[in-house]
Amino acid sequence: MDMDALMAQAAELQSKVADAQEQLGKTTIKGVSENGSCIIDMTGKYDVLNIKIHPTVLAHGADVVAQVVLSAYRDAKQKADELIDKVMGEATAGVPMP
């Protein structure tokens with residue numbers, strides 16, 4: 001394979017990855033705590049956009065609030081990880097990424 005073809009391939013891959021990253025930044029994912037008392041909206045780039053906590057949780061104190069927020073965050077992050085794997089896998093078409 002000649003160097004020009006290799007460079008063209010690299011530029012195409014870079015463009016596809018940039019497009020995929022842009023798509024991830026525009027995609028919103030909802031993370032929900034086990035009991036639904038907290039919902040976190042996050043982008044596919046892990047940017048937290050919004051946190052909603054049901055008012056009844058607040059009466060249970062800071063520890064419970066922290067637990068439901070953490071639970072919702074973990075759910076959102078897991079969903080974001082799955083989305084990232086899918087989108088980046090499609091963009092790189094099987095080319096291993098570091």
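What covers the buried residues of helix 1? Strand 2, residues 38-43, and helix 3, residues 62-92, are among the elements that do so. Keep that picture in mind as we walk through the structure, which is a predicted model.

A word on confidence comes before the tour. The mean pLDDT of the protein is 90, and 94% of its residues reach 70 or more. Confidence is lowest in helix 1, with a mean of 84, while strand 2 has the highest, at 98. So our opening question links the element with the lowest confidence to a cover that includes the one with the highest.

Let us start with helix 1 itself. This helix runs over residues 3-26, and because each of its 24 residues adds 1.5 Å, a span of 34 Å is expected; the C-alpha atoms at its ends lie 35 Å apart, in agreement with that. Its buried residues are Val17, Ala20 and Leu24. If you look at the spacing of those positions, a general point about helices is useful: an α-helix has 3.6 residues a turn, so residues three or four places apart point the same way.

Now turn to the partner, helix 3. With 31 residues, helix 3 reaches 43 Å from its first C-alpha to its last, close to the 45 Å expected at 1.5 Å a residue. The two helices pack at an angle of about 155°, and their axes are 8 Å apart. Because angles over 145 degrees count as roughly antiparallel, helix 1 is roughly antiparallel to helix 3. From helix 1, the residues making the contact are Leu13, Lys16, Val17, Ala20, Gln21, Gln23 and Leu24. From helix 3, they are Leu83, Ile84, Val87, Met88, Ala91 and Thr92. The buried residues Val17, Ala20 and Leu24 of helix 1 thus all appear in this contact. As for the handedness, helix 1 passes helix 3 in a right-handed crossing.

Helix 3 has buried residues of its own: Val65, Val68, Ser71, Ala72, Ala76, Ala80, Ile84, Val87, Met88, Ala91 and Thr92. Their cover includes helix 1, strand 1 (28-32), strand 2, strand 3 (48-53) and helix 2 (55-58). Just after the end of helix 3, Ala93 takes a positive phi of about 45°.

Two residues of helix 3 lead us out to the loops. The first stop is Ser71, which lies in helix 3 and counts as buried because its relative accessibility is 12%, under the 20% cut-off. Leaving out residues up to four places away in sequence, Ser71 touches Val32, Ser33 and Glu34. Follow that contact to Glu34 and you arrive in the loop between strand 1 and strand 2. Glu34 counts as exposed because its relative accessibility is 75%, over the 50% cut-off. The C-alpha atoms of Glu34 and Ala59 are 18 Å apart in space, and the two residues are 25 places apart in sequence.

The other stop is Lys77, also placed in helix 3. Is Lys77 buried or exposed? Its relative accessibility is 32%, so Lys77 counts as partly exposed. Apart from neighbours within four places in sequence, Lys77 is in contact with Met42 and Tyr46. The C-alpha atoms of Lys77 and Asp47 are separated by 10.0 Å, although their positions lie 30 residues apart along the chain.

Our last residue is Tyr46, found in the loop between strand 2 and strand 3. At 33% relative accessibility, Tyr46 counts as partly exposed. Its backbone is worth a look too: phi of Tyr46 is near 70°, a positive value in a residue other than glycine.

How values were computed:
Residues are numbered from 1 along each chain as its sequence is written. This is a predicted model: local features need pLDDT of at least 70, side-chain atom pairs count only at pLDDT 80 or more; totals for chains, interfaces and linings use all residues. Side-chain values use heavy atoms; hydrogens and water are left out. Helices (H or I, at least four residues) and strands (E, at least two) are DSSP runs, numbered from the N terminus. The expected span of a helix is 1.5 Å times one less than its number of residues. Buried means under 20% relative accessible area, exposed over 50%, partly exposed in between (1.4 Å probe, protein chains only). Contact means heavy atoms within 4.5 Å. pLDDT is the predictor's confidence in each residue, from 0 to 100. Axes are lines fitted to C-alpha atoms, for helices over the stretch in contact, and angles run from 0 to 180 degrees between N-to-C directions. Angles under 35 degrees count as roughly parallel, over 145 as roughly antiparallel, 65 to 115 as roughly perpendicular and the rest as oblique. A crossing is left-handed if the near helix is turned anticlockwise from the far one by less than a right angle, and right-handed if clockwise.
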